[in-house]
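Student: I am new to this structure. Please take me through one part of it slowly.

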Amino acid sequence: MMLETRHSVSEILSRQPLFRGLSDEELAHIAQYTKEYRYHKNELLFQKGDAPQGMHVLVMGQVKLSIPSPQGQEKVVYMLGPGMTFGEAVLFLDRPYPISAQATEECLVLLVHKDGLLPAIAQNPMLARKMLAGLAMRLHELMTDIESCTLRTSSQRVIAYLLQQSPASAPDAYEVTLGTSKQTLAAQLNLAPETLSRVFSQLNQNGLIKVQGRQISVLNRKKLLESLG
């Protein structure tokens, strides 16, 4: 990890969805309690059991949140992209992190210390509502993930994932570019990597998809939806 000081923290904060709309004074106050870090690919931001120092804001790159197991496996809980925040829930609870965070590519992250964040939340209802909305959305997606992992077969989990990636216009054929490795996707769907490969192969043989590396072509969305059951 490398501490980065070349950029204006206030300016970076103002561009993040959570902090848009705050006054210059409010941004300047939060910036006093914010540090900017760069992480290399595969570098850990924190591990399960570490004490939280503040809320993380992902400015650039991708971060994987996961629950490690003693056997060396992991359950990927969430893949985070630019503009997303994480670590705020344990910050309010003042408890250790229940998950680990790892950079899956070069990342730029802001760490907002609780001494700057909590007063800002108390003084600005808009900021509080945005944080609550983010936590609620994360909870909803977590419940959907639990449902998928417990009530769906391996094939249904993969099909549901592919359908979730369809464009808003929902055409019958579309392209899906995996934002991470197939191994990470398998962990996210609670599957063994070989199981994911087998499901992709079956869907390919059935003429529903075509796989080329991280590029997946959905050939027939309607039939894919019908096979979900």
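Tutor: Here is a close look at one pair of helices, followed by a sheet. This is a predicted model: local features need pLDDT of at least 70, side-chain atom pairs count only at pLDDT 80 or more, and totals for chains, interfaces and linings use all residues. Residues are numbered from 1 along each chain as its sequence is written, and side-chain values use heavy atoms, leaving out hydrogens and water.

Start with helix α6 (residues 154–164) and helix α9 (residues 221–228). Helices here are DSSP runs of H or I with at least four residues, and strands are runs of E with at least two, numbered from the N terminus. The axes of α6 and α9 come within 9 Å and cross at roughly 140°. Axes are lines fitted to C-alpha atoms, for helices over the stretch in contact, and angles run from 0 to 180 degrees between N-to-C directions. α6 and α9 are therefore oblique to each other. Oblique covers what is left after under 35 degrees (roughly parallel), over 145 (roughly antiparallel) and 65 to 115 (roughly perpendicular).

Now the contact, meaning heavy atoms within 4.5 Å. On α6, Gln 156, Ile 159, Ala 160, Leu 162 and Leu 163 take part. They meet Arg 221, Leu 224, Leu 225, Ser 227 and Leu 228 of α9.

Next, the sheet. It is open, with three antiparallel strands in the order β10-β12-β11. Strands pair if DSSP finds at least two bridges between them. β10 (174–177) and β11 (209–212) are the edges. Four bridges join β10 to β12 (residues 215–218). Thr 177 stands opposite Gln 215 in β12. Helix α8 (residues 193–205) lies across β11 and β12, at about 130° to β11.
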